[in-house]
Amino acid sequence: MHLNSISMKVINNRIALTFFILLFSIGIVTAQEVIKDSVTASSKVIKSNHRQKIDGIIAKVGDYIILDSDIDKSYMEITSQGGSVKDITRCQMLGKLLEDKLYAHQAVQDSLKVTDAEVKSMMEERLNYMVEQIGSLDKVVSYYKKNSVEDFKSYFFDILKEQKLTSEMQKKIIDGVEITPEEVRNFFKAIPKSDLPVFGAEMEVAQIIITPKVSDAAKQKVIDKLKEFKKEILAGESSFATKAVLYSQDPGSRATGGYYKMNRKTQFVKEFKDVAFGLAQGEISEPFETDFGFHIIYVEKIKGQDIELRHILLSPVVTTEDLNAAKEKIELIRKRIIDKELTFADAARTMSDEKETRANGGALINPKTQDTRFELTKMEPSLYSQISNLKDNEISQPLLDEDQSGKKKYKLITVTNRINQHTADYAMDYIKIKDLALKEKQIKAIAKWFDDKIKDTYIKIIGEYRDCEFTNKWVKK
């Protein structure tokens with residue numbers, strides 16, 4: 001299998017809610033029954049592709065059924081997330097649904113654990129996002145053509161549970177797939193020279209961060225404000241949610257009254273989790289500090305390992321004097337580097353306030369690839385604008401940055417390495433080549449899994465959909 005075909009399969013992700021492994025299509029031979037008897041359709045009439053169709057069962061995979069309307073719902077899901085459905089046929093959509101049902105069915109057979117609590121947590125996160133995008137929960141319910149919030153939540157819960165089963169099954173299949181250096185080497189050797197990919201120009205970048213030191217007086221002012229909120233809430237003069245909506249500086253939860261649902265595995269900073277899990281239901285914490293500012297937490301419910309809470313975040317005001325002091329400090333650091341008193345990497349290790357990059361001498365990690373290279377055409381515009389005019393090892397002037405929460409910091413940035421556009425080279429691009437080789441091996445593992453499970457699973461496809469040309473051969477002609 002050539003690299004070009006692999007890349008197309010990897011890049012052309014099948015547009016669906018479970019974006020993880022979009023799967024790696026290799027033809028699979030099977031002998032499955034095609035239902036020749038008719039199935040009673042419901043009275044619901046649906047419109048699709050400018051035709052009217054009668055809704056009914058069109059396929060079955062194990063214990064899971066697929067209705068004709070499920071295809072329309074899949075189109076709706078894609079559209080609701082800003083995707084285009086123009087080039088997706090009903091047969092292609094059914095093929096994706098068949099795959100999802102087989103994953104979910106086998107996950108149940110393999111006793112993969114998906115708890116209701118996990119699904120409810122997913123649902124809350126998704127609902128919060130949809131409400132933020134559409135405007136209100138009632139509008140979300142209307143968009144999905146449900147009669148009530150309860151009907152929608154029941155419908156949405158089933159969808160998310162199936163998605164979670166699907167992703168857990170996919171994860172199980174590829175988790176055991178590993179690749180050796182010898183396999184990577186053989187993979188690369190097997191690629192014809194004419195098919196070798198061309199990698200775009202890349203840079204490696206490092207930075208030093210200095211955050212303004214907030215005065216004790218400013219910190220105390222925020223602490224006093226949070227204590228005042230707590231006193232008013234306990235006295236019944238206001239609700240915690242109302243205070244959060246009005247005053248919290250956390251953009252992720254302010255609109256929902258500071259609401260979060262979490263367990264021990266949820267990605268929150270340690271200080272936040274320690275306080276949250278130390279509270280009893282109905283208790284409000286004292287103000288405490290994290291890297292984001294100062295918080296108070298109110299625990300609404302404790303359900304087993306899950307906590308439903310609300311929090312208010314306030315950050316101390318950074319004064320002009322604080323900013324000027326931070327700028328003076330970073331200017332001095334820059335001068336010492338230019339005067340060769342110390343290297344940029346050493347300055348980052350000993351003086352930078354950013355924990356994530358400090359240990360690596362300030363080297364930035366590309367969040368998409370988890371390595372140190374940034375492809376210029378895919379770089380965030382803000383980062384590109386800061387480094388585009390820098391020569392190799394040139395140090396920027398102090399740059400004032402502001403994050404989403406409004407916190408300001410100064411930084412120095414430098415280009416430590418520049419890689420020009422080039423045809424794939426085994427030594428230079430080993431990490432990228434290893435990733436492609438691993439994907440090919442995962443493709444084969446997925447293909448074998450489909451081959452085995454389609455043969456062993458009860459599958460029926462009904463009516464006109466028997467004539468679809470599927471990637472996987474779900475039916476026997």
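Modeller: Before we start on this predicted model, one rule for helices: the expected span is 1.5 Å times one less than the number of residues.

Colleague: Okay, take helix H4 (residues 116-134): how do you know that its length agrees with what is expected?

Modeller: H4 has 19 residues, so at 1.5 Å a residue it should span 27 Å. Its end C-alpha atoms are 26 Å apart, which agrees.

Colleague: Which residues of H4 are buried, and what covers them?

Modeller: The buried ones are Val119, Ser121, Met123, Leu127 and Met130. Their cover includes helix H5 (137-143), helix H6 (149-175) and strand E8 (259-262). Just past the end of H4, Gly135 has a positive phi of about 125°.

Colleague: On to the cysteines. What makes Cys91 and Cys468 a disulfide?

Modeller: The cut-off is sulfur atoms within 2.5 Å. Here the S to S distance is 1.9 Å, so Cys91 and Cys468 qualify. This is the one disulfide in the structure. About the S-S bond the angle is -70°, and the link is left-handed.

Colleague: Why do you say that this pair ties together parts of the chain?

Modeller: Cys91 sits in helix H3 (residues 90-109), while Cys468 is in the segment after strand E16 (459-462), so the link connects parts 377 residues apart in sequence.

Colleague: And how do you know whether each of the two cysteines is buried, partly exposed or exposed?

Modeller: Buried means under 20% relative accessible area, and exposed means over 50%. Cys468 has 5%, so it is buried. Cys91 has 26%, which falls in between, so it is partly exposed.

Colleague: Now the aromatics. Why is the pair of Tyr103 and Trp449 called stacked?

Modeller: Ring centres have to lie within 6.5 Å, and planes under 30 degrees apart count as stacked. For Tyr103 and Trp449 the centres are 5.1 Å apart and the planes make 20°, so the pair is stacked. Tyr103 belongs to helix H3 and Trp449 to helix H15 (residues 430-456), 346 residues apart. Tyr103 has 1% relative accessibility and counts as buried; Trp449, at 9%, counts as buried too.

Colleague: What makes Tyr260 and Phe268 an aromatic pair, and of which kind?

Modeller: Their ring centres are 5.1 Å apart and the planes are at 80°, so the pair is edge-to-face, given that planes over 60 degrees apart get that label. Tyr260 is partly exposed at 21% relative accessibility, and Phe268 is partly exposed at 23%.

Colleague: How many aromatic pairs does a search of the whole structure find, and which residues cluster with Tyr103?

Modeller: The search finds 13 pairs. Tyr103 forms one cluster with Trp449, Phe450 and Trp474.

Colleague: Last topic, the sheet. What makes strand E12 (373-375) and strand E13 (399-402) edge strands?

Modeller: The four strands run in the order E12-E7-E14-E13, in an open sheet with antiparallel pairing. E12 and E13 each pair on one side only, and they are the edge strands. From one strand to the next the twist averages 55°.

Colleague: How do you know that strand E7 (residues 202-210) and E12 pair?

Modeller: Pairing takes at least two bridges. E7 and E12 have three, so they count as paired, in the antiparallel sense. Met203 has Phe374 of E12 as its bridge partner.

Colleague: And which helices lie across E7?

Modeller: Helix H11 (residues 320-338) lies across E7, E13 and strand E14 (408-419), at about 30° to E14. Helix H12 (residues 344-351) lies across E7 and E14, at about 40° to E7.

Definitions and conventions: Residues numbered from 1 in each chain as written. Predicted model: local features only at pLDDT ≥ 70, side-chain atom pairs only at ≥ 80, totals over all residues. Heavy atoms only, no water. Helix = DSSP H or I, 4+ residues; strand = E, 2+ residues; numbered from the N terminus. Buried < 20%, exposed > 50% of the residue type's maximum accessible area, 1.4 Å probe, protein only. Contact = heavy atoms within 4.5 Å. Axes fitted to C-alpha atoms, helices over the stretch in contact; angles between N-to-C directions. Phe/Tyr/Trp six-rings, centres within 6.5 Å; stacked < 30°, edge-to-face > 60°.
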